[in-house]
Amino acid sequence: MGHAVGFWISFAVTLGLLVTSLVSGIRGGRRVHLVTGPLTLLMLGITIACTKILIRNYEFPAEQLNFHLYFSITATCAAVPVLLTGIWLWRNPAARLWHRLAVWTFVVLALTATGTGIWLFGYATLKAA
């Protein structure tokens, strides 16, 4: 039970930071965005670590797990261009379009990974103790 609580707390904090980062970025709240953007990526890493701990207690069918992993790994990799274009944008306003494309690509992939992760748990069975 403790692992599930840690996962849900980290997931909720990550989601809150993501929304705050998106809203502040869209509205031009640079100070807030420069704090919440990197914190979102840090919390994403923590949430992934909590997920790995949580799923040790479950078994998943290989086909469904691989389907989900395709999106979750792709979404995680898509965070790298967000970070790199964000640093580029900090130094060069001409990078704004590239950063927006990277951000929205990441958001779509992350939402897909979240959806397939929730779907995957419908197939989960608890491991015998």
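Contact here means heavy atoms within 4.5 Å. The legends below all show one predicted model.

**View 1. L18 and its partners in the nonpolar core.** Leaving aside residues up to four places away in sequence, L18 touches T40, F106 and V107. The largest nonpolar core of the model holds 14 residues, and L18, L22, V82, V103, F106 and V107 have the most contacts inside it. Two or more residues each come from α1 (2-27), α3 (62-91) and α4 (96-121). Helix α4 gives the largest share, seven residues. As background, nonpolar side chains in soluble globular proteins tend to be buried together.

**View 2. The ring pair of W8 and F11 in helix α1**. Searching the whole structure turns up 10 aromatic pairs. In one of them, the ring centres of W8 and F11 lie 5.7 Å apart with planes at 85 degrees, so this pair is edge-to-face. The two residues are three apart in α1, about one turn of the helix. F11 is partly exposed, at a relative accessible area of 23%.

**View 3. The ring pair of F67 and F71 in helix α3**. Here the centres are 5.2 Å apart and the planes meet at 75 degrees; over 60 counts as edge-to-face, so F67 and F71 are an edge-to-face pair. Four residues separate them in sequence, about one turn of α3. F67 is partly exposed, with a relative accessible area of 45%, whereas F71 is buried at 17%. Together with Y70, W119 and Y123, they form one aromatic cluster.

**View 4. A charge over a ring: R91 and W90**. The charged end of R91 sits over the W90 ring, 5.2 Å from the ring centre.

Terms used. Residues are numbered from 1 along each chain as its sequence is written. This is a predicted model: local features need pLDDT of at least 70, side-chain atom pairs count only at pLDDT 80 or more; totals for chains, interfaces and linings use all residues. Side-chain values use heavy atoms; hydrogens and water are left out. A nonpolar core is a set of buried Ala, Val, Leu, Ile, Met, Phe, Trp, Tyr and Cys residues joined through side-chain atoms within 4.5 Å. Buried means under 20% relative accessible area, exposed over 50%, partly exposed in between (1.4 Å probe, protein chains only). Rings of Phe, Tyr and Trp (its six-membered ring) pair if their centres lie within 6.5 Å; planes under 30 degrees apart count as stacked, over 60 as edge-to-face and the rest as tilted. A charge sits over a ring if NZ of Lys or CZ of Arg is within 6 Å of the ring centre and within 35 degrees of the ring normal.
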